[in-house]
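Visitor: Could you take a close look at the aromatic rings here, and explain how the paired ones are placed?

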Amino acid sequence: MSENAMGSTMVEEQFSLGERALALARDFAAHKKKAGGMPTAWLEKTMWSLGLEVHQQQFSHTLPFPDESRERYLVRGTNVYGILRAPRAASTEALVLSTGCAPGPHNNQAVGLLLALASYFRGQIYWAKDIIFLVNEHDLLGMEAWLEAYHDVNITAVRSSGPLGRAGAIQAAISLELSSDVVTSFDVAVEGLNGQLPNLDLLNLFNAFCQKNGLLCTIQGKLQRSDWDSLPAYARSLQTLLLMVLAQASGRPRGEHGLFLRYRIEAVTLRGINSFRQYKYDMSTVGKTLEGMFRKLNNLLERLHQSYFFYLLPSLSRFVSIGVYMPAFGFLILVLILRALDLWMKLNKTDPGGSDQLSDSDHGPSTTEAPRLLALVPPVLVCHAAGLALYYLPVLGQSVATQHFPVSEAEAVVLTLIAIYVAGMALPHSTHRVLGGPGSVAAARGWMVLKLLALLYLAAQLTALALLNFSLGFLLAVTMVPAAAATAPTGPRVLLALVLVLATPAVTLLLGIFLERELVEAPAAPGEGWQRFLGALGQGLLLHHLHGAFLCPLLALGTYPCWLLLWNVLFWD
Amino acid sequence: MLALAVPLLLLAAAGRGRAAAAGPGRDALREELLLSPLPAGDVAATFQFRTRWDADLPRGAVSHYRLFPKALGRLVAALGVRELHLALTQGFWRTQAWGQPPLQAPAGAELWVWFQPSVTDVDKAWKELSNILSGIFCASLNFIDATNTVTPTASFKPLGLANGTDHHLLRYAVLPREVVCTENLTPWKKLLPCGSKAGLAVLLKAERLFHSSYHSQAVHIRPICRDASCLAVSWELRQTLTVVFDTFSSGQGKKDWSLFKMFSRTLTDACPLASQSKVYVDISPKNKEKELLEVTPLPTSVYEAIVQGDKRSYAVYDLLSPSLFNTSRSLNVQFKWKRPEDSSEMPIPVLHAQRYVSGYGLQTGEISTLIYNTHPYRAFPVILLETVPWYLRLYVHTLTIITKGKENKPSYIHYQPAQDRRQPHLLEMLIQLPANSVTKISIQFERALLKWTEYPPDPNHGFYVGSSVLSALVPSIIAMKDMDVEESPLFTSLFPSSDGSSYFVRLYTEPLLVNLPTPDFSMPYNVICLTCTVVAVCYGSFYNLLTRTFHVEEPSRGGLAKWLANIIRKFRGVPPL
C-alpha cells in the first residue's frame, strides 16, 4: 500500500451488530414487499432514529428505447440517504457507503448491514469526514441521478427534484451488494464506466482487511491460487487477466461504483458471494471489514493519489503496471507506422518527378497530386457518412421501423444497427474510377494513398484510445492491426476479405462474448452467444445514452469508418 | 492615577446606578452561561464573560489593569484598534438542524478589526496586529496576509460606538484551514479574571470541550457608551465560547443531560470578582406543547425574552444568590425530557444557506450558494459576502442569481477582482429574498495552475475557500419589545435590533474544498524539474557568453594632465577632450 495514512493496522474493529443487521434486513424486506418497491418512508424513519440527517431525492428518466433485459422504459425512483455529520468537522469531505434497492429479494442484507453500520458509526467519536449512507433505486440510473444532483451537473437527461443535503467533496465510495445472511467470499469489482479504474490503494486496502479478517476475496470471480509459481496458477492468472481486459474493454461499469469514477471519487463494489464452500462468514465479520476500511479512509489526509490508476490485475495481490504493458501496445502501433512509412516511401519512389515538383514549384502538385487527393475525398466522406448513419439512425428511426416491421422498439434498434453496419460494406467503392479516369497512374496508386491515410488514422485512434481505456485499445489493436497491415487490392482477395471481416469491431465483440463465457467456465452455444451479442449491442447503446459511455460513438464514428476505408482499399480495383 | 480615577468614579456614579453593579473599581465582570437544547436534540452551551472597563484605552492614559487583560488592552492602545473580533472555531454550526445560533462563526479562524481614524497605515497595523494576536492565542493568524484579507464595504458594521463607517479602516480575514484545539483554549482562559479556578470557568475543561460537535471561542473588544447620556466611552471585552454536545452518541439514544454529564464538573461558586454570575437554561416550549421537559433543581427565577423573533423563556440560576448553595454544595443543572420526541420534524430557521462546488474535472467548476427564506409572507434583503482566493479565477459574467425560476437582480454589487498572488476576489451583493423562496447564486471559475513551489505539502487534499457571510435583518414573526439592552442575557446586546420588527442575523456557509490541478510530485517530476533547472542554468550562461560583445575598456591615461587641459579648454569655450 502506497498511501501513508492508511499504512498501519493498529486499530481493532469492534463492530458487533451482525444480528441487528439481519433484523434490519428482514424489516426492510417486509416493508419493501408491502410498499411494492423502495420503502422510502420506513428508510427515512429508520435512518432518522439512528441519528442521521436524512434526505431523499426523486428522479425520473425516459430511456431512448425500452430496455428489454430489465424491462423498463419510463423510470421513476427515489434515492434515500442519511448523512452522518462528523463532529468538529466543517463538512468539507465525505465518504459514501451505498447499496442499491433492487426489486425482489436481492440486496436486502446489504441494506440491513448499511443501516447497522450507520448505527454503529453514529456512536463513534473519531470521524473526521462525513459519511453518507445511500440507498439508491434502479441501480445505475439512481446512482447517476444522485451523483449528478450532488455535483449539480446535468450530463444525461435525468430529471431530479429538489435541493439536496450535501457534505462536501466525496473522497471515496464503497458500494455494497449482499444477498445472503452469510457469505463464503467477497468479490471486488473495479472496472467503472469507460474502463476507468479506482486507485490501486483502495483495492489494496480491501485486500489487506480481507487478509486480516481471514475473509476469502476474489476478483473477476476467480480465487487466487496459493501455489502461484506453478503452471495452473499461471493459467488461472491469465484467465483473470483476460477477464479483466474484456470487462474493461466493454466500458460497462461492473457495479454501482463505476459512476463515481467520473467525478474523481475512488470507488469499488464489494459483492458478497454465498457458494457451496464449507466455511461461512457472518455479518459481524463483514461489518468489521467494512468498519476497518472506513476508519482507514477516514484517516486519509489527501485524496488517494499515491498508487497506480492504470493497472491490470492477474490476481488481487498482483498487478501489471502501465509501464509494463504500454511498450507491448507501442510495438503493435509501430507495425502500422512502419507500414505507413513503407507506403510513403513507395509513393515517392515510383514518382520521383512528382515529389521533385512538389518541392520545386507550386504548379506541380496541382497537376499530379490534386486528382489523386480528390479521388480520396469520396471514399472518406462515404465511410464517415456510414458511421454517422450507424450512430444516429437506429435510435431516431425506431418508430419508423416498428411501424413497418413486426418488431419491438428495442429489437428494431438493434436490427437497424446490424443492417446499417452490414450495408456500409456494400456502399459504392468505385467513385475514384469516375473521378480519376480509368487506368490512369494516379488511380492505380490511389489505394496506396488511401491505405496510408487509413493506417495513420487507425494508429492515431488506437493510441488515443489506449491512453483512455487500455484494454479496449489493446483488443482493437490486436485484431485490427494485422488485418490493416495486410490489406491490399493485390494478393489473395478472398482470404484478405475474410481476415478483414474477422477484424471488424462487431466480430471482435462477438468473439469477445464467446471468450468471456469460456473464461467464466460457462461456454455459450452459438445461439446463446448470438442472443448475448444482440443484448450487448442494445446495452451498449443504452449505456451511451444513459451514462455517456464513449464506446458506442467511438466505434460508430471512429473505428467503423476507418475499417470501411480499409475495406475500400481491398476492393479498389 | 488617583486624580484621574476620582472624576471617573463620579461619572460612573452619576450614570443611572450602574456604579452599584460596577463596584468600587472602574471595571466589572459579568459571567453568563446559556444552556439551550437544540431542535435536533443536541445541547449548546454558550459562555460569555463580559468585562467592562470605564477607561479611555487608546489615549494611553492607563497603566494599571485590574480585570481587563493587559495584553489585549495594550494592543488596543498601541495599534489604534477601535473594534476587534476574533473567533476560532472547530466545526460548523448546522443552522438547519440547530437553529439560529446566538453568535455564529465560520469554521477556522476569523478576524475582523476596525481601526481608529488616526491610524495612517492600516495595512501595517493590521499585519502587526495579526502577528501579535497569533502569539497571544497560539493560532496561525500570522498567515493572514494580503492574499486573504479583504475590505468589505457593506457586510460588517462597527458593533460599538462609532462616529463614521469609513470602510477603509476595516480589515477582514478568514483562515478556513485553522485547526482549533487546547493550545488555543488555554491562552483564552488565561484572559479571564478568575482563570479557570472559580466561577463558571471551572466547567471549561479542555478534555470535555473538545469532545463535542462544535467548538467556537471568540474575543470581542468594542467601545460602548458609559451611560445613557453617552458622554464618555467605556471598553467592553466579551469572551464567548460555544460548544455543542452530541447527546445522541453519548446518551445511547436518550437525550437527557446534566452539567456533570457534559463538562464532568459542577458549579460550586461564582467568580469572586464577578458582579453577576448566572446560568440560563432555555426552557421555551417547542411545537406549542408545554411541559415537555423538566429542569432540576428549581431555578431561582424564570426570565422571559424575545430572542431572534421567538419568544423564549429561561430558567435562571443566580450563583451570587446565597439561597442557591444552601441545600446542596454544588449546582448540577439537570435536564430531562418527559417523553421522547418522536417526530422528525424540526422548526426550520427563517434564513439558512448552503454552499457547494459543482461540476467535475480539474479545469472549471462552479460555486453555488442556495439561500432559503422560509418566512411565510415577508421578503427581506440579505448581504452576501464572498471571498474567493485568487487561484480560483472567477468568471463574473457567469454570475447568475435565480429565485423561483426568474432572474433576481441584486440592488448593490461590489466586486473587487483578484490579483494573482496579491489579493483575493471580493464579491458583495445585496439581494432581495422573496417570501418562502430559494435563491440560487452561482458563479463559474477556472482552476489556476500554481507555480510548483506554491503548492502546500499536501496538494492533493485540496484548497480551502472560506465561508461566505450572509448578513440580514430578518423580520420577526412576533413583535419585539424595546428591552433594556444592557440587562438582557448574552448576545442580544451585541446586535441590538434597530426597531421592534426585525432582528439581525449573520450566517456563515460551509467552507469549500476545491481540488486544483496538481503535478505529479514524484521522482520523475523532480527529475524533470532538476534537469530543466540544470539545463536552464547551463544554457543561460552559455548563451550569455556567446551573445555578449566584449570590448576592452581603455584605461584613462594622463589623469592630471587631461584634467588641467580640460579646465583650460573650458575657459576657452572649447569642448573638453
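Guide: What follows is a description of aromatic pairs and of charges that sit over rings. The model is a predicted one, and over all chains the count comes to 36 aromatic pairs. One of them joins A:W146 and A:Y150, whose ring centres lie 5.1 Å apart with 35 degrees between the planes; the pair counts as tilted because that angle falls neither under 30 degrees nor over 60. Both residues belong to helix α4 (residues 139-150) of chain A, where being 4 residues apart means that about one helical turn separates them. A:W146 is buried, its relative accessible area being 0%, and A:Y150, at 3% relative accessibility, is buried as well.

A further pair is formed by A:F186 and A:F206, with 6.3 Å between the ring centres and 75 degrees between the planes, so this pair is edge-to-face. Since A:F186 lies in strand β7 (residues 185-189) of chain A and A:F206 in helix α5 (residues 200-213) of chain A, the contact ties together parts that are 20 residues apart in sequence. A:F186 is buried at a relative accessible area of 2%, and A:F206 is buried at 1%.

Ring pairs also link A:F15, A:Y120, A:F121, A:Y126, A:W127, A:F133 and A:F294 into a cluster. To A:Y126, a member of this cluster, comes a charge: the charged end of A:R295 sits over the ring of A:Y126, 4.0 Å from its centre. Between chains, A:R166 lies over the face of B:Y356, at 3.5 Å from the ring centre.

Definitions and conventions. Residues are numbered from 1 along each chain as its sequence is written. Chains are lettered from A and ligands numbered from 1 in the order in which they are written. This is a predicted model: local features need pLDDT of at least 70, side-chain atom pairs count only at pLDDT 80 or more; totals for chains, interfaces and linings use all residues. Side-chain values use heavy atoms; hydrogens and water are left out. Rings of Phe, Tyr and Trp (its six-membered ring) pair if their centres lie within 6.5 Å; planes under 30 degrees apart count as stacked, over 60 as edge-to-face and the rest as tilted. Helices (H or I, at least four residues) and strands (E, at least two) are DSSP runs, numbered from the N terminus. Buried means under 20% relative accessible area, exposed over 50%, partly exposed in between (1.4 Å probe, protein chains only). A charge sits over a ring if NZ of Lys or CZ of Arg is within 6 Å of the ring centre and within 35 degrees of the ring normal.
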